Amino acid sequence: MKSYSVVILISFGLTVFSSLQAKELSIPTGRVILTVTGAISNTNTANKTAEFDRQMLMDLDVITQQTETPWTEGIDTYKGPLLRSLLAVVGAKSDTLFVQALNDYNALVPVQDSYDYNLILAMEMNGKPMGVRNKGPLFLLYPFKESPELNNEVIHNRSVWQIKAINVE
């Protein structure tokens, strides 16, 4: 009887795992603010990209982070999804991200950074949505206060704001 129970549990476990892997992204109902392309397995457009509106991003693993940045005065409170949560949802299959801003500034960001630190795609600053004038709609934010070793030119260059697209390379 024990072996019969084990077979059922293993079979059930594989079914649940398969359905999680096959989960499709929903279609944005609001204005698209982020497009993810490249080596991803979960898409929601005919051209195999993943598009996100604000609500879809806020439905990911969102955290609030108090930190200072080299571009702002004092400590501010930022809120947004963890980058690693976004990468999991799209099924990212690479170790490098090409992050592009609205003004075509871009940076290569190692995926490992998102596991080593709580990188967020900041969408709110001090309780207000971030607009283009204040580094929005998305700002790749490293936890500078929590990890002072990040306060260097390499990381500053990776901290892209006004993000419009991420290519998983």
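1. Strands here are DSSP runs of at least two residues, numbered from the N terminus. With that naming, Thr 69 sits in the loop that links E3 and E4. Bear in mind as you read that this is a predicted model.

2. Let's stay with Thr 69 for a moment. Is Thr 69 buried or exposed? Its relative accessibility is 8%, and the cut-off for buried is under 20%, so Thr 69 counts as buried. Its side chain also has polar partners: the backbone nitrogen of Trp 71 is reached at 3.1 Å, and the side chain of Thr 72 is in polar contact at 2.7 Å. Further along the sequence, once neighbours within four places are set aside, Thr 69 touches Tyr 78, Leu 141 and Phe 144.

3. The strands on either side of that loop belong to an open antiparallel sheet of four, ordered E3-E4-E8-E9. E3 (62–67) and E9 (128–129) are its edge strands, each pairing on one side only. Inside the sheet, E4 (residues 76–81) and E8 (residues 124–125) run antiparallel and are joined by two bridges. If you want a spot to click on, Lys 79 stands opposite Glu 124 of E8.

4. Now the other sheet. Which strands make it up, and in what order? Five of them, running E2-E1-E11-E5-E6, in an open sheet with mixed pairing. The edges are E2 and E6 (106–110), each of which pairs on one side only. On average, neighbouring strands in this sheet are turned by 20 degrees against each other, direction ignored.

5. Where does the mixed pairing show up? Follow E1 (residues 32–38). Towards E2 (residues 50–53), E1 pairs antiparallel over four bridges, and Val 32 has Asp 53 as its bridge partner there. Towards E11 (residues 163–168), E1 pairs in the parallel sense, again over four bridges; here Gly 38 is partnered with Val 168.

6. E11 is also joined to E5 (residues 96–101), antiparallel, through five bridges. Val 168 turns up again in this pairing, standing opposite Leu 97. So if you're browsing the five-strand sheet, Val 168 is a handy landmark, as a bridge partner of Gly 38 and as the residue facing Leu 97.

7. Helix H3 (residues 83–90) lies across E1, E2, E5 and E11, and runs at about 135 degrees to E2. Which H3 residues are buried? Leu 83, Ser 85, Leu 86, Leu 87 and Val 90 are. Just past the end of H3, Gly 91 takes a positive phi of about 70 degrees.

8. On to the packing. In soluble globular proteins, nonpolar side chains tend to be buried together. In this model the largest nonpolar core has 42 residues, and Leu 34, Phe 52 and Leu 86 have the most contacts inside it. H3 supplies the largest share of that core, four residues.

9. What does Leu 86 touch, leaving out residues up to four places away in sequence? The list is Leu 34, Val 36, Phe 52, Leu 57, Leu 60, Leu 121 and Ile 166. Two of these names, Leu 34 and Phe 52, also appear with Leu 86 among the residues with the most contacts in the core. To see how H3 sits against the sheet it lies across, I'd start the tour at Leu 86, which is buried in H3.

Key
Residues numbered from 1 in each chain as written. Predicted model: local features only at pLDDT ≥ 70, side-chain atom pairs only at ≥ 80, totals over all residues. Heavy atoms only, no water. Pairing = 2+ DSSP bridges. Axes fitted to C-alpha atoms, helices over the stretch in contact; angles between N-to-C directions. Contact = heavy atoms within 4.5 Å. Buried < 20%, exposed > 50% of the residue type's maximum accessible area, 1.4 Å probe, protein only. Core = buried A, V, L, I, M, F, W, Y, C linked by side-chain atoms within 4.5 Å. Polar contact = N/O pair within 3.5 Å; in protein donor to acceptor, adjacent residues only side chain to side chain.
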